[in-house]
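Work through the exercises below with the model open beside you. Try each task before you read its solution.

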Amino acid sequence: MLIEQLINGITLGSIYAIVALGFTLVFGVLGIINMAHGEIFMIGAFIGVVTTSVLGLPLWIAFIAAIGVTAALGYLLERIALRPLRGKQGVSHLAPLISTIGVSIILENLSHHLFGAGNQPFRNAFADIQFQIGSITVYLVQILIFVISIALMLTLSFWLSKTKAGKALRATAENLETASLLGVNTKRTITTTVIIASAMGGIAGILVGMAFNSVNPQMGLSMGLKGLAIIILGGMGNVKGAMAGGLLLGVAETGIVAYGDSGYRDAVAFITIIFILLLRPQGLFGKKTAEAGR
Amino acid sequence: MLGEILNPYYLQVAAFIMINIILAISIYITLSSGQLSLGSAGFMGIGAYTSALLTIHFELPIIVGILAGAVVAGIIGILIGIPALRLQGVYLAIATLGFGEVVRIIFVNWESVTRGSIGLSGIPHMGRELLRFFKDIGFDPDMIGLKNNQFIYLLVLLILVLINIILIWFFTRQNKSRIGRAFAAIKMDEKAAEAMGLNITYYKVLSFAQGAVLAGFAGALYAHVLAYISPADFAYHRAIEILIFSVFGGSEVILGAVFGATFLTLLPEALRFISEYRYMIYGAILVLMMAFRPQGIIDASVLNWFKKNLKSKRGTNHGTRINKNN
Amino acid sequence: MRRVIKKSYLVITALMLVLLAACGEGSGSGSADSKGSSDGPVSAKIGVISYLTGPGAAYGEAITNGFNLALEEVNEKGDVNIELVVEDSAGKQEQALTVSQKLMSDDEIVAILGPTLSTEMNVVAPEADINGISILGTSTTAAGIPQIGDYVFRNSIPESLAIPAALEKAVAAYDVKKVAILYGNDDLFTQSGFDTMKKVAEDMNLEIVTIETFQKGQSDYNAQLTKIKDLQPDLILASALYNEGAVIMGQARKMGIDTPFLGGNGFNSPKVIEIAGEAADGLIVATPWFAEKENSKVQAFVEKYKAKYGMAPDQFAAQAYDALYIYAEALKNAGEADRDAFRDSLAEIKGLEGILGEFSFDKDGDVIMDPTVLIIKDGKFQIFE
């Protein structure tokens, strides 16, 4: 049972990690916590359901559709909810947080109206491919999720540290004005970042649909809050921290169900938020800076 | 005559408006020192459960229960507030969000005390208890031509209005006092305020705790007006709803909170078809307000304009003009 | 600054005035002439509180459809002439309470049907009781509801009736010794179902190997199910709404758990088969409603409902349909549109034949009825023998 539960935990943790990567990317560049990220993830999952189960199209089209739609949502999010606030006089640093909460509420209720409150099944033959190793069953989807999450993390790290666009992005994160003086198209950089982050949410959405065969409008909120806990655990804006934090939370949640009281499963994430923020605001993997706690 | 005018439906709606105003003020007070708390639903729940449990199990009078609810919420507010002060802005918002959810999860799981999701029913109802009291001393609502439920909700509403008037008076005074100015200074620039010699820790905890006390107080009132509470009443969405009251109405002046809570409580009642899209509208409000009017509908300049107009047209019919703005 | 305070009074006062003025218009029209005369049919207005907007609107819709279908037939018959006044509660306690006030303060309204959720009922029922107006829940299955007061009734079978019936049959059929319980702990409905399951299982001396919970919005049940699989129970008791329940069954079957599931009222829906597909096989539920029953009344109802609303009726529609018949019977027996006379004749209802079966109230106003136990086999609900 231990190994099976560990596989469950790693699968869940990998999905958490992909969600958290999107969070941490936006935070790293914009210093904004995108509260709508969970809902974008949920929309991605629904797009997956609609393309595969309703329209009966193959899985790879579902991936493309979900990435496309969530990327578009990311663009809209940046244009409508974030850009108008940027550089405006007298706007408090809380404004983007509140504004993205607004977007998250709109998206959650929109999907209520479009898809209904219930669970939508995500039927796909691919999700049923399995291997038998001894007494343990491993699904291909579980391996795929783990591989995708690692791949995304590595690509992102590489992109940020080695490519020109990544460097522009980090420069923007460091200081918006200086970067723009140095010839970085900050507007485009920021938009790109939000779009990439949202598309990653879309990927996570499809993966959840495949792994758990269940998609519903409420999953965005719960996943969003978990993602938030993870970036706090792993350190805000820290890509490797998001990955490690995600796996840690996934395994911890599974562990508390397996060996403790499943009623407190969700509390793990929130208690983590509180303790990390109070004791080590820079996160487990973050570097200590003067600004971290402030 | 009185009996025909007083429809319990409207009394009931008005009572919820009053409770929502208190909640909106609780957010306003924390915001006035530049802190955003998303834990108000948690504090509200603490107040509600404290008061409900005390009145059910120990048969304390409702007023003692409500005050205890507010006090317990305040104490927890201080306990959370002191360490949380190291956090600023979004970090505080997230820590309080986590706090609110933990509180709800505790309510769900601590079944021996809270009865879990079943919720607490049979909480003494403020109005019904008062009715009993009045009947005991030989007063029957029939004597002034009122039905029982009219009388009950009239009493509840009167009490709530009175509480609101006192609270608004108190916080308007506080705003003009040393404390209010300190809050404003911290909101403007924390470091500068510190450099000026303000004890920012004290003031920040004070404003955070005041918000917690008010939320707990409103929660306790809520428990005794509904007579039934369950953990789902104090979830994340409630915290957001409370935040919207203040953000929409105006987070810079206390009347903004009053206006926001009143307007947004009346809106779905007045326009039933809106009810279905209520949350979508809430979401749109948040986005639009942040983009175009981050200070909310009512701010100091709107108030000044009113002040001028009221002065110049004193003696005309006040009621209609104010209605127009609601 | 004084002025600021003054203004706040003004705002509040003005609001009050608007409200009072508005309600003056509303309640002024109440008069006595609506009461049926002694020889014609008894006419009366009945208030309905239903969950018509929001995430659970589908429940409210089925319920109001059931009412409306029965209403046509009842009024056609001519013994009574009922008019329904429908209000939306949006599934929220506050709103349910406010609309119930609206209905109760209308003197023409004799009794209330609804609200949809047990949480709403917990708030509305004490208010109805104190105002002396009968209220009957058609979908409120949580424990303790009719016990709130003399004026509070229901015709939906509570879990305390459904679960023992289903469990007894399942124990006999599968020789069950060990059970695992899985339930949603952040929902009144599923929590209440769990309390009953646990009690019934203990009373039947079954060994409960584990109790697991899940929460709303969760999509991964693998951790709980892996644990359950390891403990090898003979039966899994799942107190879940069909939405989560179907997903749980899907994940369980995928994991290789082929143990039968036993669910409460909330698990009983054709939607389970729709969502879980083959994985739904082996779900046992007890229900008052079975659409395939060989009974002319039932079949006539199913046909009419399909013709009118374009979908098959579920348990909620059926219970609502019967509820209106119960009210019509009570009104006929009362002979006048009076709230107290109505209550007394309602409490007397016995052996009324409806589409759910023979119906009576017990002394508290709760249901006396024999539920049917069903199992999903080959993708269909069938009678469980």
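Three exercises on this predicted model follow.

**Exercise 1. Describe the fold of chain A, then find out which residues stand opposite each other in its hairpin.**

Step 1. Count the elements: chain A has 11 helices and two strands.
Step 2. Put them in order. The pattern along the sequence is α-α-α-α-β-β-α-α-α-α-α-α-α.
Step 3. Look at the strands. β1 (residues 130-133) and β2 (residues 136-139) of chain A run antiparallel, joined by four bridges.
Step 4. Examine the turn. Two residues separate the strands of this hairpin, and Gly134(A) in the turn has a positive phi of about 65°.
Step 5. Find the partners: Ile133(A) stands opposite Ile136(A).

**Exercise 2. Compare the radius of gyration of chain A with that of a compact globule.**

Step 1. Take the length, 294 residues; a compact globule would then have a radius near 19 Å.
Step 2. Compare. Chain A has 19 Å, so the two agree.
Step 3. Add the spans: about 60 × 45 × 35 Å along the principal axes of the C-alpha trace.
Step 4. Check burial. In chain A, 60% of the 294 residues count as buried.

**Exercise 3. Describe the side of chain C that touches chain A, and state the confidence.**

Step 1. Count the contacts: 27 residues of chain C meet 26 residues of chain A.
Step 2. Locate them. β7 (207-214), α7 (222-231), α8 (242-255) and α9 (271-276) of chain C each supply at least two residues.
Step 3. Sort this side by class: six nonpolar, 14 polar and seven charged residues.
Step 4. Read the confidence. Chain C has a mean pLDDT of 84, but residues 16-38 of chain C stay under 50. The complex has an ipTM of 0.85.

Conventions
Residues are numbered from 1 along each chain as its sequence is written. Chains are lettered from A and ligands numbered from 1 in the order in which they are written. This is a predicted model: local features need pLDDT of at least 70, side-chain atom pairs count only at pLDDT 80 or more; totals for chains, interfaces and linings use all residues. Two residues are in contact if their C-beta atoms, placed from the backbone, lie within 7 Å. Ala, Val, Leu, Ile, Met, Phe, Trp, Tyr, Cys and Pro count as nonpolar, Asp, Glu, Lys and Arg as charged, and the others, Gly among them, as polar. pLDDT is the predictor's confidence in each residue, from 0 to 100. Two strands pair if DSSP finds at least two bridges between them. The radius of gyration is taken over C-alpha atoms; the globule rule is 2.2 Å times the number of residues to the power 0.38. A residue is buried if 20 or more other C-beta atoms lie within 10 Å of its own, exposed if 12 or fewer, and partly exposed in between; C-beta atoms are placed from the backbone.
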